[in-house]
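Student: I have a model open and want to test the words used for it. Can we go through them one at a time?

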Amino acid sequence: MSVKTPFYYYDLTLLENTLEAMSSAINNPNFKVHYAIKANAEDRILQTIKNHGLGADCVSGNEIKKAIALGFNPENIVFAGIGKSDEELDIAISNGIHSINCESIEELVVINEIAEKHDAIANIAFRINPNVDAQTHHKITTGLNENKFGIPITELDAAVDEILKHKHLALKGVHFHIGSQILNLNPFANLCQQANNVIANLKARGIALEHINVGGGLGINYNNPDSQLIPNFEEYFKVFEKFLNLDEGQTVHFELGRSIVGQCGSLISKVLYVKKGANSKFAIIDAGMTDLIRPALYNAYHKVENLSQTGDELEPYHVVGPICESSDTFGKTELPTTTRGDYMMIRSAGAYGQVLSSNYNLRERAATIYSDEQSLASCIGSEKKAQTLEVV
Ligand SMILES: Cc1ncc(COP(=O)(O)O)c(C=O)c1O
Ligand SMILES: N[C@@H](CCCC[NH3+])C(=O)O
C-alpha cells in the first residue's frame, strides 16, 4: 500500500553494514565509539546502534533520557553542550553517566554544586577548543578560536586550577570536536598534534587522563552516494592510530554521527506540479525545508532522483518545496521528463534531516518507514522498480 508523502525511508540493512564496517575498521581495543544522537534520534535507528554495542553522545537532558530509556548503559553515555541547564546536569549526575564534557571554567562551579547536592562525584572531561581548522562549511566548524565551543587551549591551566578546588569533580578526560562533514583527513591529524600537547601538559601537572575524546566529524559523499555508501572508516581510524600519543590503558573515544547514519536515510516526496518559470522549469515537490533544512541552512547539496521515470534523456529542473521561503529549494538538477505524481528520492538524508524538521507553516512532520517493515517499491506503489530500489 502506498504511503503518504513526504516520508523518511531508512535502509536498516545499510545501517547494519555501515556499523559492521566501522567496527571492523577498529584495530585498537581501546578505541570506542559513542554515536552522536543529535544526527538522528529515531527509535529503531538508536536501537540498532545500541545493539551493535556503541555508546551514546548526548547534547541535552532529553537525549540522555531517551538513550537510557532505549537501553544504553549510563556508563556508555557522554554529555556535551556549551549551555547545559541545571535540570540537564541533574539528569546527567543522578544517572551516573560516564562523562560530562565541560565547556567552560564557569560551568565547573555549577556542576560541582549539583554533584554535591546528589552527594556524588561527577566525572569530567574538559572540552578543549584546539583551534584547528576542519576545512569544512563555516557553519559546521566548531574548533576554531572564534567558535563558541570548549575551553580555549590558553585557559587549560586555569581550568585545572579550578577543578582541583572542587571535591565533587574528578577530571577523567579531555574532549575535542573540530567540526562536521570533514572529508580531508589532515585536520584530524592536526587535531592529534594539539591533543598530544594537551595530554602532555596535563601529565606534567600530575594528571593521568583515562580517556581522550576526539569527537566526530567524518563526512559522507553527498554528490555521488552510490559510489561510497559506507565511508572509509579504515583511513579515518588509522589517522588516530598513527598520530595520537597514548599512555598505557588510555582509551580513545569517538563521537561519530553523520558517517554512521547519513547514507541510510532518504526523504521520499511526490511532485505536486511542474511549472515553467521565466528561466527554468520548476519541479514543485511536497517535501520542503521543514522536512530537510540542510540545503536552506548550509546550501547543502542532496542528490535528487526521480523514482518514477526511467528515461535516459535528462532535462534541467529546479526542484523546490512548497514553503513560502525562497531558500526552500533542493537545487537545480538534471532529471528524466518529470510529471505530477512522480516520486522523488532525496538522498543522504539520514543525518541532520528528520531531527532538524519543523512544523513551520503548520505542516505535518514526515512519517518514518523502515526497510524491514515495507519495501520502498511498495511504499510508492511500484513493484516495477523493486529490484533497483532494494539496493539503495
Ligand atoms: C560535540 C560533537 N560531537 C559529535 C558530533 C557529531 O558529528 P558528526 O555527525 O559530524 O560525526 C557533533 C556534531 O558536529 C558535535 O558537536
Ligand atoms: N546540522 C549540521 C551538522 C551539525 C553538527 C552538530 N555539531 C549538518 O546538517 O550538516
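Tutor: Start with residues 17–261. This stretch of the predicted model is 37% helix and 17% strand. Its end C-alpha atoms are 11 Å apart.

Student: What makes residues 17–261 a named unit?

Tutor: A record does. UniProt lists residues 17–261 as "domain: Orn/DAP/Arg decarboxylase 2 N-terminal", in an unreviewed entry. Such annotations may be inferred rather than shown by experiment. The division of the chain used here reads 54–256 for domain 1 and 263–390 for domain 2.

Student: How do you know that domain 1 and domain 2 touch, and how many residues are in contact?

Tutor: The C-alpha centres of the two domains lie 35 Å apart. Contact is judged on C-beta atoms, within 7 Å. Eight residues of domain 1 are in contact with seven residues of domain 2. On the domain 1 side, the touching residues divide into five nonpolar, two polar and one charged.

Student: Why are β12 and β14 called paired strands?

Tutor: Pairing needs at least two bridges, and β12 (residues 281–285) and β14 (residues 314–320) have three, so they count as paired. They run parallel. Take F282 as an example: its bridge partner in β14 is H318.

Student: In which sense do β14 and β15 pair, parallel or antiparallel?

Tutor: Antiparallel, over seven bridges. Strand β15 covers residues 329–336. There, P336 is the bridge partner of L314.

Student: Which residues are around ligand 2?

Tutor: They are K38, I140, S180, Q181, R294, Y298 and Y352. The cut-off is a C-beta atom within 6 Å of the ligand. Both domains contribute to this shell, with at least three residues from each.

Student: What makes the shell around ligand 2 mixed by class?

Tutor: It has three nonpolar, two polar and two charged residues. Tyr and Ile count as nonpolar, so I140, Y298 and Y352 go in that class. Lys and Arg count as charged, so K38 and R294 go there. S180 and Q181 are polar.

Student: How do you know how far to trust the coordinates?

Tutor: Use pLDDT, which runs from 0 to 100. The chain mean is 95, and 97% of residues reach 70 or more. For the complex, the predictor gives an ipTM of 0.98 and a pTM of 0.95.

Student: Where does pLDDT stay under 50?

Tutor: Over residues 386–392. The model has eight contacts beyond four places in sequence for that stretch. Where pLDDT is low, predicted coordinates should not be read in detail.

Conventions. Residues numbered from 1 in each chain as written. Chains lettered and ligands numbered in written order. Predicted model: local features only at pLDDT ≥ 70, side-chain atom pairs only at ≥ 80, totals over all residues. Domains from an automatic or database assignment. Contact = placed C-beta atoms within 7 Å. pLDDT = per-residue confidence, 0-100. Helix = DSSP H or I, 4+ residues; strand = E, 2+ residues; numbered from the N terminus.
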